[in-house]
Amino acid sequence: MGAAARYFDSNMDFNKWGGVSGGSIDYDGGQIGLYGGWDNAVWYDRAIAKFGWYSGNSHRNFGLTTEIDPSGSPDADVVGLL
């Protein structure tokens with residue numbers, strides 16, 4: 001039996017360019033996994049269960065005649081059983 005876990009966080013900032021303020025991408029998330037096995041020399045079983053969550057925000061400003069900010073907020077959850 002065992003367990004594994006991970007948390008991550010990233011922040012990226014873009015420089016100002018061409019008179020337009022920069023943008024950014026920020027995200028964080030984590031993963032948790034449990035695993036185990038059983039074996040009696042005749043029968044065996046193995047199992048893995050995992051869960052992950054991810055959250056982010058993005059902004060990237062650009063301008064032609066006016067400044068535009070196409071932004072996004074991608075979020076996701078993942079569950080897996082093996």
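This is a short talk on the confidence, the aromatic pairs and one serine of a predicted model.

I'll start with confidence. The protein chain has a mean pLDDT of 86, and 88% of its residues reach 70 or more. The highest mean, 93, belongs to strand β2, residues 24-39. The lowest, 68, belongs to strand β4, residues 62-63. Please keep that in mind when you look at β4.

Next, the aromatic rings. How many aromatic pairs does a search of the whole structure find? The search gives three. One of them is between Phe-51 and Trp-53. The centres of these two rings are 5.8 Å apart, with 25° between the planes. That pair counts as stacked, because the angle is under 30 degrees.

Are Phe-51 and Trp-53 buried or exposed? Neither word fits. Phe-51 has a relative accessible area of 35%, so it is partly exposed. Trp-53 is at 33%, so it is partly exposed as well.

There is also a cluster of rings. Phe-8, Tyr-27 and Tyr-54 are linked into it by ring pairs.

Last, the serine. Ser-10 sits in strand β1, which runs over residues 2-13. Its relative accessibility is 18%, and the limit for buried is under 20%, so Ser-10 counts as buried. What does Ser-10 touch, once neighbours within four places in sequence are left aside? The contacts are Ile-25, Asp-26 and Tyr-27. Tyr-27 came up a moment ago, as a member of the ring cluster with Phe-8 and Tyr-54.

That is the end of the talk.

Notes:
Residues numbered from 1 in each chain as written. Predicted model: local features only at pLDDT ≥ 70, side-chain atom pairs only at ≥ 80, totals over all residues. Heavy atoms only, no water. pLDDT = per-residue confidence, 0-100. Helix = DSSP H or I, 4+ residues; strand = E, 2+ residues; numbered from the N terminus. Phe/Tyr/Trp six-rings, centres within 6.5 Å; stacked < 30°, edge-to-face > 60°. Buried < 20%, exposed > 50% of the residue type's maximum accessible area, 1.4 Å probe, protein only. Contact = heavy atoms within 4.5 Å.
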